[in-house]
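Here's a quick tour of a structure, taken a few residues at a time. Have the 3D view open as you read.

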Amino acid sequence: QVQLVESGGGLVQAGGSLRLSCAASGRTFSSYAMGWFRQAPGKERKFVAQISKSGASTSYADSVKGRFTISRDNAKSTVYLLMNSLKPEDTAVYYCNGEREVAGIKTYTSWGQGTQVIVSS
């Protein structure tokens, strides 16, 4: 069972940057596509970005495209989210999650505790 621990959140002014990290335990990290999600107060958790198992392919929500960059280091079992040009609407708890397909069945990692990002105007 892969355990995930997010870190790197904090309070930043609009226009600033943060880099989030998500460290995974276990030896199967490289078999998972990894994603970042966020949940603002009173709202549903939403997709932010995803990266393939090898890191060769990425995708982003329209709201963060061009500002956020997802990357991974399989040797360190860690996925990152570099967030630039932050806006107050980026304020949320950020979570990472992994997805893989085994014998045609998709399975997911459990959620970590998340890391809080607050962007002040």
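Val79 has plenty of company in this predicted model: leaving out residues up to four places away in sequence, Val79 touches Leu20, Ser21, Cys22, Phe29, Met34, Trp36, Ile51, Ile70, Ser71, Arg72 and Cys96. Val79 also belongs to the largest nonpolar core, where it is one of the residues with the most contacts.

**The core around Val79**
- The largest nonpolar core counts 28 residues, and Trp36, Val79, Leu81, Met83 and Tyr94 have the most contacts inside it.
- Two or more residues each come from S3, S4, S5, strand S7 (68-73), strand S8 (78-83), strand S9 (92-102) and strand S11 (115-120).
- The top contributor is S3, with four residues.
- As a general backdrop, nonpolar side chains in soluble globular proteins tend to be buried together.

**Ser21, a contact of Val79**
- Ser21 sits in strand S3.
- Is Ser21 buried or exposed? Its relative accessible area is 16%, and the cut-off for buried is under 20%, so Ser21 counts as buried.
- Setting aside neighbours within four places in sequence, Ser21 is in contact with Val5, Glu6, Ser7, Trp36, Thr78, Val79 and Tyr80.
- Among those partners, Trp36 and Val79 are also on the list of residues with the most contacts inside the core.

**Ser17, in a loop**
- Ser17 is found in the loop between strand S2 (10-13) and strand S3 (18-24).
- Ser17 comes out as partly exposed because its relative accessibility is 40%, and that class runs between 20% and 50%.
- Not counting residues up to four places away in sequence, Ser17 touches Val12, Met83, Asn84, Ser85 and Leu86.
- Which side chain makes a polar contact with the side chain of Ser17? That would be Asn84, at 2.8 Å.
- Looking further afield, Ser17 and Gln113 are 96 residues apart in sequence, and their C-alpha atoms are 21 Å apart in space.

**The largest pocket**
- The largest pocket holds about 220 Å³ of space.
- Its lining is made of 13 residues, and Arg38, Ala40, Lys43, Lys46 and Glu89 lie nearest the centre.
- By type, the lining splits into five nonpolar, three polar and five charged residues.
- Strand S4 (33-39) and strand S5 (46-51) each supply at least two of the lining residues.
- S4 and S5 turn up in the core as well, each giving two or more residues there.

Terms used: Residues numbered from 1 in each chain as written. Predicted model: local features only at pLDDT ≥ 70, side-chain atom pairs only at ≥ 80, totals over all residues. Heavy atoms only, no water. 1 Å grid on protein atoms, 1.4 Å probe; cavity = no way out; pocket = protein on both sides within 12 Å on 5 of 7 lines; lining within 4 Å. Points joined across faces, edges and corners; volume = space filled by probe spheres on them. Nonpolar A, V, L, I, M, F, W, Y, C, P; charged D, E, K, R; others polar. Buried < 20%, exposed > 50% of the residue type's maximum accessible area, 1.4 Å probe, protein only. Contact = heavy atoms within 4.5 Å. Polar contact = N/O pair within 3.5 Å; in protein donor to acceptor, adjacent residues only side chain to side chain. Core = buried A, V, L, I, M, F, W, Y, C linked by side-chain atoms within 4.5 Å.
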